[in-house]
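User: Please choose one part of this structure and look at it closely with me, in careful steps. I am a first-year student, so I would like each term explained once, where it comes up.

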Amino acid sequence: MISVPKEFFTKWKKKEREKRWPFALPRQKVRSFMEAIVGTPEVATKTAYRRCSRCVLDTTVSDIWFDEAGTCKYCQIHDEMERLHPLANMEEDLERIIRRIKKAGRNKTYDCIVGVSGGRDSIYTLFLARKMGLRPLAVYFDNGWNTEIAVSNIRKATDLLRVDLHTVMADLDEFKDLQRAFLKASVPDADIPTVYAIHSVLYETAAKQGIGYILHGHSFRTEGTSPISWTYMDGRYIKDVHRRFGSGHVRSFKIMTLPYLLYYSLVKRIREVRLLEYIDYNKKKADETLAHDLGWVYYGGYHHKNLYTKFFQSFLLPNKFNIDKRKTELSALVRSGQVTRREAIAELEASSYKYDRSVVIYAVAKLGWTLEEWEAVYFREPRSHKDFKTYLPLIRLLRLPIWVACKLRLLPHILYLKYAS
């Protein structure tokens, strides 16, 4: 691990950069260090600070809105997902989907694919799939940033559950170029190359293996729905960012554009199932089960199993974009009754999102930048997906057929609720 020069961090706390960086805002417009980095959020200039009356999401989310009771749009998305996956019917619904997967995979080596990262949700999904008698193929996308703990969790789980593991290695130079492009673009979506690559690899592997179901480890009850202004992704967006700020071509994995997604979903009939939505998923209980049965080890923070994600979520998002992703997870836990709203607020107000300086320096060095080059990127004025080409206008134009496809379970319903509604 690289040593940490103290002056690299202390000077960020001073207002020295005005005279050094062309990206700085004029002094008369700057009231705080955070405003110097991100500017005054548009929502803050028009609307006073407000927090949802039910969860802990607030007006730091630029696309948030509240109903007359003060409940935010993401609580309403949660309620719609609860309506679609009621706990009262969970056993019946789960048995139905398991029967469907087994039938589709009859006489095949595998009846489903589970993407594994070493984290709680993906490993528990793999554990549950085996418990329900499925024959999954575990797929791991290695982007070169996973921690030893995560890799060990994957190895122990696949060995003990007797599951075959298929690893897809990204070209590290190619992938770092894609990551650098998103950081240069100065958007809060700089972690989506990994997320999107995983989705692309899972669909491509399923198509090659003739597998009809991909089991996804996301749970709206514990993770919630990330605001679109915080996390947006589609293939057209990734390609446009890379075209403008990257170099070369992405060849080690496919960037799944809309035609590919439609082909995999409608022609190859590959279905994505969020298995954890069919159970009363509880984080603490899952941790206990995984630790006892599989020797699973917690990695210390939300998605911190991956060092790039740890750098991105604990340091870059809070300090440059004023985005604290703990709010999304805590809000989900409040809605599902796993923590109280008072406890969630207390956790947020007790301290800011803590980061590890050595991880920041490690990430900058691994990306191939000097500290001076990184500062030039860091202090660029923030932008959003709206500044790039995306499929979002088309998705909203096609909201009705997308709604129908979701009703027919051809596409995940959350796609409609987050992007098209």
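Analyst: A good place to begin is Ile113, which stands opposite Ile214 in strand β4. The model is a predicted one, in which local features need pLDDT of at least 70 and side-chain atom pairs count only at pLDDT 80 or more, while totals for chains, interfaces and linings use all residues. Residues are numbered from 1 along each chain as its sequence is written, and side-chain values use heavy atoms, with hydrogens and water left out.

The two isoleucines belong to neighbouring strands, for β1 (residues 112-115) and β4 pair in the parallel sense over two bridges. Two strands are said to pair if DSSP finds at least two bridges between them, and the elements themselves are DSSP runs numbered from the N terminus, with at least four residues of H or I for a helix and at least two of E for a strand. Ile113 also has a partner on the other side, since its bridge partner in β2 is Leu137. Strands β1 and β2 (residues 136-142) run parallel and are joined by four bridges.

Seen as a whole, these strands are part of an open sheet of five, in the order β3-β2-β1-β4-β5, with parallel pairing. Because β3 (165-169) and β5 stand at the edges, each with a single partner strand, one side of each is left without a neighbour in the sheet. Neighbouring strands of the sheet are turned by 30 degrees against each other on average, direction ignored; here the axes are lines fitted to C-alpha atoms, for helices over the stretch in contact, and angles run from 0 to 180 degrees between N-to-C directions.

Let us follow the sheet from β4 towards its edge at β5. Strand β4 is joined by four bridges to β5 (residues 271-274), and the two run parallel. Tyr213 has Arg271 as its bridge partner in β5, and His216 has Arg274.

In a regular strand the side chains alternate between the two faces of the sheet. In β4 (residues 213-216), Tyr213 and Leu215 point one way while Ile214 and His216 point the other way, and all of them are buried, where buried means under 20% relative accessible area, exposed over 50%, and partly exposed in between, with a 1.4 Å probe and protein chains only. Strand β5 is covered on both faces as well, with Arg271 and Val273 buried on one side and Glu272 and Arg274 buried on the other. So although β5 stands at an edge of the sheet and one side of this strand lacks a neighbouring strand, its two faces are covered.

Just before β5 in the numbering comes helix α11 (residues 258-267), in which Leu266 lies. At 47% relative accessibility, Leu266 counts as partly exposed. Together with Leu262, Tyr263 and Val267, Leu266 forms a nonpolar patch on the surface, with about 370 Å² of accessible area in all. A patch is made of residues with over 30% relative accessible area and no salt bridge, like charges being joined within 9 Å and nonpolar side chains (Val, Leu, Ile, Met, Phe, Trp, Tyr) within 5 Å; the areas come from the Shrake-Rupley method with a 1.4 Å probe, and for residues only the protein chains shown count as cover.

Charged pairs complete the picture. Side chains of opposite charge can pair when their charged atoms come close. A salt bridge is counted when a side-chain nitrogen of Lys or Arg is within 4 Å of a carboxyl oxygen of Asp or Glu, and by this rule the count comes to 16. One of them joins the side chains of Arg120 and Asp287, at 2.5 Å from N to O. This pair links distant parts of the chain, with Arg120 in helix α6 (residues 120-131) and Asp287 in helix α12 (residues 283-294), 167 residues apart. Arg120 counts as buried, at 8% relative accessibility.

Another salt bridge stays within a single helix: Arg180 and Asp177, whose closest N and O atoms are 3.9 Å apart, both lie in helix α8 (residues 172-185), three residues apart, which is about one turn of the helix. Arg180 and Asp177 are both buried.
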